[in-house]
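Colleague: I should like to go through this model with you and ask what lies behind each label that you attach to it. Please set each value against its criterion.

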Amino acid sequence: MRRKWTDKKVLIIGLSKSGISAARYLSNKGADCFITEFKPLKDEDEELVQELQNEGIHVETGTHSDEFIKDAYLAVTSPGVPPKSEIFSRLKEQKIPVIGEVELAYLETSTPFIAITGTNGKTTTTMLASHILSSEYNAPVCGNIGIPPTSLLEERPDFYVCEVSSFQLAFAPAFKPQIACFLTFTPDHTDWHDGIDNYFKAKTSLFKDYKQPLYAIFSGVDKKIYEFSKNYTGAKFIYAKELDQNCCYIKNNAIYFKRTKAEEEIIKLDEIKLIGEHNYQNIMCAVIIAKLTGISNEHIRERIMSFEPVEHRIEFAGVINGKTFYNDSKATNPEASFVAIKSFEGKKLTLIAGGRDKNTDLTEFCKDYINRYVNTVILIGEAAERFKTNMENNGFNNIILADSLENAIDISLTLDNEIVLLSPACSSYDMFNNYEHRGEVFKNYVKTKA
């Protein structure tokens, strides 16, 4: 139910897409909005800040001032602001409630949410689910994928297909989607959450007793998630594992769905464009979502066949001198790289990895993936030396260091391997603005060499 916002002071923490969207939505509803950004103002944001101020939205940068915080009715935080930030202590002292932008959107609409979370696989599953549902509904993607749901509130769609991160769930106490999906769980963002247990609690908060979704969808191959699902008391479906009912699975080289004991063939694997076992899992989750919302098998099959791979996730980038290049810049942790590397099993593979180090454990990455599936590794960025040491300690020595991504591509062209995969297993912030920027540089340079 929508609140009355007229003349209410709302504090927006962070000059982010979600924060700006929340401020504009609330300002249009009559709220007095104050955006506070602790980082100094960037030159490229000066025009944006002026636009916001012209719209009647107050903006400060380089500080969180008492003037902005004082007497706020509510604070809406951006997902990138760590919960240990000093501003949250000040808000608690003044008894100012804090929610996230996804929570705000949920509270402002009666349109059902389909929430998709997990360490990896969220974006592809969200995009595919929206693509399938859009054959019969208005079902836009939103959330962590880069489109704030508050920016879509006036459209009044049939469903919000929302990618939700652990950051967003940490500030979403009332968020209760109609369908909630938990795809994968591996260690990530442990600094932000102050430990892996808190990270898991943030993910599983979607399924707490008091806010259970109408339907929950769980992975049948992720051991931690599947064990969690066994104790879940609400209505649930499992994918990637055949059960007596309520499941989606692969058999006879096809994907099947089963709600009762009768199974339905949805699509044959050789009709699917997406590469890799992990993508079959993403598809099975999306199939369950589609079946629960009433999409016909014919439309599901047609939409899966017409779906194009998500940008920067095992994305075809071009062919140079018989070598095929793939952009997997979105793989910002080793677990995300696992699935990309394994997708090229049986091929002679050059892996370009490295970037800003998250100091993740590299044992499994080196032993089970580099040693088994990769012919040559080219390392870039701040993490290069640690990655090199870990690989050598695990018996892999075919390693080359490059001083730039472009240099790494040039080196790859001199090697006798048929696939060149950029799958960094690291964040991008040492050399690039974000993983999208890294992926664009990779693709553009490949085009210049083709």
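Modeller: Let us begin with strand E7 (residues 141-143), which pairs with E8 in the parallel sense over 3 bridges. The model is a predicted one.

Colleague: What makes E7 and E8 count as paired strands?

Modeller: The criterion is at least two bridges between the strands. E7 and E8 have 3 bridges, so the criterion of at least two is met. Within this pairing, Val141 has Val161 in E8 as its bridge partner.

Colleague: Which other strand pairs with E8, and in which sense?

Modeller: Strand E6 (residues 113-117) pairs with E8 in the parallel sense over 4 bridges. There, Ile116 stands opposite Glu163 in E8.

Colleague: Why are both faces of strand E8 called covered?

Modeller: Tyr160 and Cys162 on one side of E8 (residues 160-163) are buried, and so are Val161 and Glu163 on the other. Buried means under 20% relative accessible area. Val161 and Glu163 thus appear twice in this account: Val161 as the bridge partner of Val141, and Glu163 opposite Ile116.

Colleague: How do you know that Asp7 is exposed?

Modeller: Its relative accessible area is 67%, and exposed means over 50%; therefore Asp7 is classed as exposed. Asp7 is found in the segment before strand E1 (9-13).

Colleague: Is His312 buried or exposed, and what value decides the matter?

Modeller: His312 has a relative accessible area of 2%. The limit for buried is under 20%, so His312 is buried. His312 lies in the loop between helix H12 (297-306) and strand E15 (315-320).

Colleague: What makes the phi values of Asp7 and His312 worth a remark?

Modeller: Most residues other than glycine have a negative phi. Phi of Asp7 is near 65 degrees, and phi of His312 is near 75 degrees. Each is a positive value in a residue other than glycine.

Colleague: Turning to the whole protein, how many helices and strands are there?

Modeller: The protein has 17 helices and 20 strands.

Colleague: Why is the protein called as compact as a globular protein of that length?

Modeller: The radius of gyration is 23 Å, and the globule rule gives 22 Å for 450 residues. The two values are close, so the protein is as compact as a globular protein of that length. Along its principal axes the C-alpha trace spans about 65 × 55 × 40 Å.

Colleague: What share of the residues counts as buried?

Modeller: Of the 450 residues, 56% count as buried, the criterion being under 20% relative accessible area.

How values were computed:
Residues are numbered from 1 along each chain as its sequence is written. This is a predicted model: local features need pLDDT of at least 70, side-chain atom pairs count only at pLDDT 80 or more; totals for chains, interfaces and linings use all residues. Side-chain values use heavy atoms; hydrogens and water are left out. Helices (H or I, at least four residues) and strands (E, at least two) are DSSP runs, numbered from the N terminus. The radius of gyration is taken over C-alpha atoms; the globule rule is 2.2 Å times the number of residues to the power 0.38. Buried means under 20% relative accessible area, exposed over 50%, partly exposed in between (1.4 Å probe, protein chains only).
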